Amino acid sequence: MRKSLACFLESRDNNFNLVRFIAAFGVLLSHSYALSIGNNATEPFKQLVNMSFGHIAVDIFFISSGFLIANSLFVKKDLANFLWARFLRIYPGLFIAVIFCVFIVGAFFTSYSLIQYLTDAQTYIFLIKNTVLFFGEEASLPGVFESLPWSGVVNGSLWTLPFEVKAYCLLVFFSIAINRLLIWSNGALNERLIYLLIPLLGMLIYITNHFFTFLPISYFASEDFRLYSLFFIGTACYIFKDYLILSERIFYPILFTLLASSINTELFFVVYNVTIFYVIFYIAYIPKGWIRGFNKYGDYSYGIYIYAWPVQQSVIAFIPGVNVLELCVYSFIGTMFISYLSWHLVEKKALKFKGKIPFNFKKS
């Protein structure tokens, strides 16, 4: 099969639910090593390529998001509806998860008295910052999980969500700015090349700074810079969807090169960063048949991602000395149950309000 990425966008029959589910499970698996002993040094994948599976899973989320969110923005061409849809996908499920962390997990496991816990300012800093996201995430609640191997962190997975939300805002900003720039240049500039330049420059700086730490601003080596670059790689893939060919003649050589490069961690770092986007989109759109049956079960990836960490910490608190395999199994069962409820009772119901903006943003 040899088709451009654009050929697959008209249908929602794809494997993104499965790809994101595997990525979310990868985060849970990776954290099982880290949380059970206090660091992820023993994770097999990290030992092999110096990159945890959780790291790769987050990359999958951001590249996929950059692509799908760009499709949502540029197809609808309605900023108000776009922002409302993004709010509905992120915030209702997140709000319930934060409530769960504060008033169930935190209230149960805190070493403080319940009155002390509920009147401590840190409790409400956690609640507000993790609900709003624009001011970053807050990891700790007073007296909660302080004696565990990864001490004091109630929900460490939330750290990526502020960057996700800010990436949406950056995409809107760039789309408006590029549109104005094109009008100003009277068509002299190429829109596609501008969108391509953003992630290429970002990833080039990130990779360069990995090997040569001479850049004067350490931000270029930071996680947020990497995540924004990955998001806009996904966006660039959407912009070049007519030219990005999905073919097994391209996919299998890329996959072989990626696997072969694992013999050297630095080589793998480079090959991985320049090929992972193609692997994601090929797997998301090409395999068909029984694998597509996964879509009928729902999208549990977000629920797994935002609930796994507090569930894992709870398991460790209940079963001191729990090993990695046991932690992974027990926490996956618990997280899946909560994620099922989150999808069917909160997230899915919230998404029904897409296109039903509660306020009229248009001038009368």
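Here are some questions and answers about this predicted model.

Reader: What radius of gyration does the protein chain have, next to what a compact globule would have?

Author: Let's start with the yardstick: with 364 residues, a compact globule would come in near 21 Å. The chain agrees with that, and its C-alpha trace spans about 65 × 60 × 50 Å along the principal axes. The radius of gyration of the protein chain is 21 Å.

Reader: How many helices and strands does the protein chain have, and what share of its residues is buried?

Author: The chain has 13 helices and 2 strands. Buried here means under 20% relative accessible area. Out of the 364 residues, the buried share is 52%.

Reader: Which helix gives the largest share of the nonpolar surface patch?

Author: That patch covers about 750 Å² and is made by Phe108, Phe318, Ile319, Leu325, Val329, Tyr330 and Ile333. Phe108 sits in helix α4, residues 79-109. The largest share, 4 residues, belongs to α13.

Reader: Is phenylalanine 108 buried or exposed?

Author: The cut-off for exposed is over 50% relative accessible area. Phenylalanine 108 has 56% relative accessibility, so this residue counts as exposed.

Reader: Which residues form the positive surface patch, and where is lysine 348?

Author: Four lysines do the job: Lys348, Lys349, Lys352 and Lys356. Lysine 348 has a relative accessible area of 39%, so it is partly exposed. As for its place, lysine 348 is in helix α13, residues 324-351.

Reader: How far apart along the chain are arginine 20 and aspartate 299?

Author: Their side chains meet in a salt bridge, 3.2 Å from N to O. Arginine 20 is in helix α1, while aspartate 299 is in the loop between α11 and α12. Both of these residues are buried. Along the chain, the two are 279 residues apart.

Reader: Which helices hold aspartate 59 and arginine 226?

Author: This is another salt bridge, at 2.1 Å from N to O, and both partners are buried. The bridge ties together parts that are 167 residues apart in sequence, because aspartate 59 lies in α3 and arginine 226 in α9.

Reader: Glutamate 138 and lysine 129 form a salt bridge; which residues are joined into one network by salt bridges that share partners?

Author: In the first pair, the closest N and O atoms are 3.9 Å apart. Glutamate 138 counts as buried at 18% relative accessibility, whereas lysine 129 is partly exposed at 23%. The network of salt bridges with shared partners joins Arg20, Arg89, Asp299 and Glu347.

Technical notes. Residues numbered from 1 in each chain as written. Predicted model: local features only at pLDDT ≥ 70, side-chain atom pairs only at ≥ 80, totals over all residues. Heavy atoms only, no water. Patch = residues over 30% accessible without salt bridge, like charges linked within 9 Å, V, L, I, M, F, W, Y side chains within 5 Å. Areas by Shrake-Rupley, 256 points an atom, 1.4 Å probe, with all protein chains shown as cover. Lys, Arg positive; Asp, Glu negative; His and termini not counted. Charge placed at Lys NZ, Arg CZ, Asp CG, Glu CD. Buried < 20%, exposed > 50% of the residue type's maximum accessible area, 1.4 Å probe, protein only. Rg over C-alpha atoms; globule rule 2.2 N^0.38 Å.
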